[in-house]
Each structure stands twice: as C-alpha cells, then as structure tokens.
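Reader: I'd love a close look at the aromatic rings in this structure. Could you walk me through them?

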Amino acid sequence: MLLYSTYHKVTALFSVFLLAGCSALLPLDYRNYEGKDAATVVVKNPKGFVGTFYLSIYEKKGACFNRAERYELDSNFFPSEGRVLTGKVQPGRLMAFQQLNATGPWGDGTQKYNKAGYVESRWASFIPQPGKRYFLDSHYGVREIPADYAVTVYTEPAKLFSEFKTPVEPNWDATNRCHHLIGGS
C-alpha cells in the first residue's frame, strides 16, 4: 500500500512539473494592446517561410533580462503563402521579436546541425515608444517607419533598412537574457 501511495505522489508531482514546463514553453496568441498610447509593430511573414514568430516582454532581473511574457504572432508548419502581420503593443516595455526556424529544408533530411542544434533562433530587441510604428526583422533588427509607409509581402527588408538607417532608441541588450532550464530565455 505504501508503494502504491508513493507512486501516485511521484506521478502527480511529475505531472505538475511537466505542465508547469509546458506552460512556460507554449506561448499565448498575441492580443493587441488597446491603450491610446499604443505603438504599432509590423512583421513580414515571407512566402515560403516555415517557422514561428514570437513577441516577448522582458524585465530587468539582477544582471540579466528575464522573460515575463511570450506571445506567438504566427506559426507556419507548411511554407507560408506570405503575409504582413501587424499588432499594437504597450510602449515603454522591453520587447524582443524572435524568429524560430529549422536550419535546413523540412522533411528531406538535409537539415544542418549548428551549435544551437537543428533550430535557428534570431532576436531583435526594442523598447516601443507611444504612437510610433516599427518594422521588425530578425536578420536586420528594428526600424521606426512612418505611419503611411506601405509594407507588403513584396517589401524587401534590406531595402527598407537601407532607407531607414537609424537603429531605434532607446533599446536593451537582448543577448543578456536570463537563461532557464525550463522555458528557454
């Protein structure tokens, strides 16, 4: 009887840890901030992209930045048809845009291993300011763009970043994220 009781306690404890870990790993879908001071973010989900786009909020914790919230903007298990994602965000928060994708083509066995494994993750950090509009790209970074600047599925990020050269200020160092055993950084 003691063994049976211990088994159930260990199973229950393991289930709690497993569910807590999954809740840290599985982000919520993003809901727009509704304040009048909202900033706007624009992300291009390019045609053919397979992977996930996240928007995370961080807080300073000692010597590093700790992820407080993580949201999924979009996820593609199959190649994307291409679209532009927009969202309203709360200004003044430490935010990071993350693009997560496989390092090689899906399903043909040719994915390349790198020091991070078979998945590549790129980050772009920023601190949105009230009423501003930002274009987010994990390869190039973040740029403030005018409210009337049209971003389409055909917009070339390299061209946009050559047109808007000034990095956003203020900003924070996304390479100094706190690392956790469960839930990443």
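Author: Happy to; here is a tour of the rings and the charges over them. This is a predicted model, in which local features need pLDDT of at least 70, side-chain atom pairs count only at pLDDT 80 or more, and totals for chains, interfaces and linings use all residues. Residues are numbered from 1 along each chain as its sequence is written, and side-chain values use heavy atoms, leaving out hydrogens and water.

The structure holds 10 aromatic pairs (rings of Phe, Tyr and Trp, the last by its six-membered ring, with centres within 6.5 Å). One of them joins Phe53 and Phe97: the ring centres are 5.7 Å apart and the planes meet at 15°, so this pair is stacked (planes under 30 degrees apart). The pair links distant parts of the chain, with Phe53 in strand S3 (residues 51-61) and Phe97 in strand S6 (residues 94-102), 44 residues apart. Strands here are DSSP runs of E with at least two residues, numbered from the N terminus. Phe53 counts as buried at 1% relative accessibility, and Phe97 is buried with a relative accessible area of 1%; buried means under 20%, with a 1.4 Å probe and protein chains only.

Elsewhere, Tyr58, Phe65, Trp123 and Trp172 form one aromatic cluster. Trp123 also has the charged end of Arg177 over its ring, 3.7 Å from the centre. Likewise, the charged end of Arg70 sits over the ring of Tyr54, 3.7 Å from its centre. Such a charge is NZ of Lys or CZ of Arg within 6 Å of the ring centre and within 35 degrees of the ring normal.

Notes: Rings of Phe, Tyr and Trp (its six-membered ring) pair if their centres lie within 6.5 Å; planes under 30 degrees apart count as stacked, over 60 as edge-to-face and the rest as tilted. Helices (H or I, at least four residues) and strands (E, at least two) are DSSP runs, numbered from the N terminus. Buried means under 20% relative accessible area, exposed over 50%, partly exposed in between (1.4 Å probe, protein chains only).
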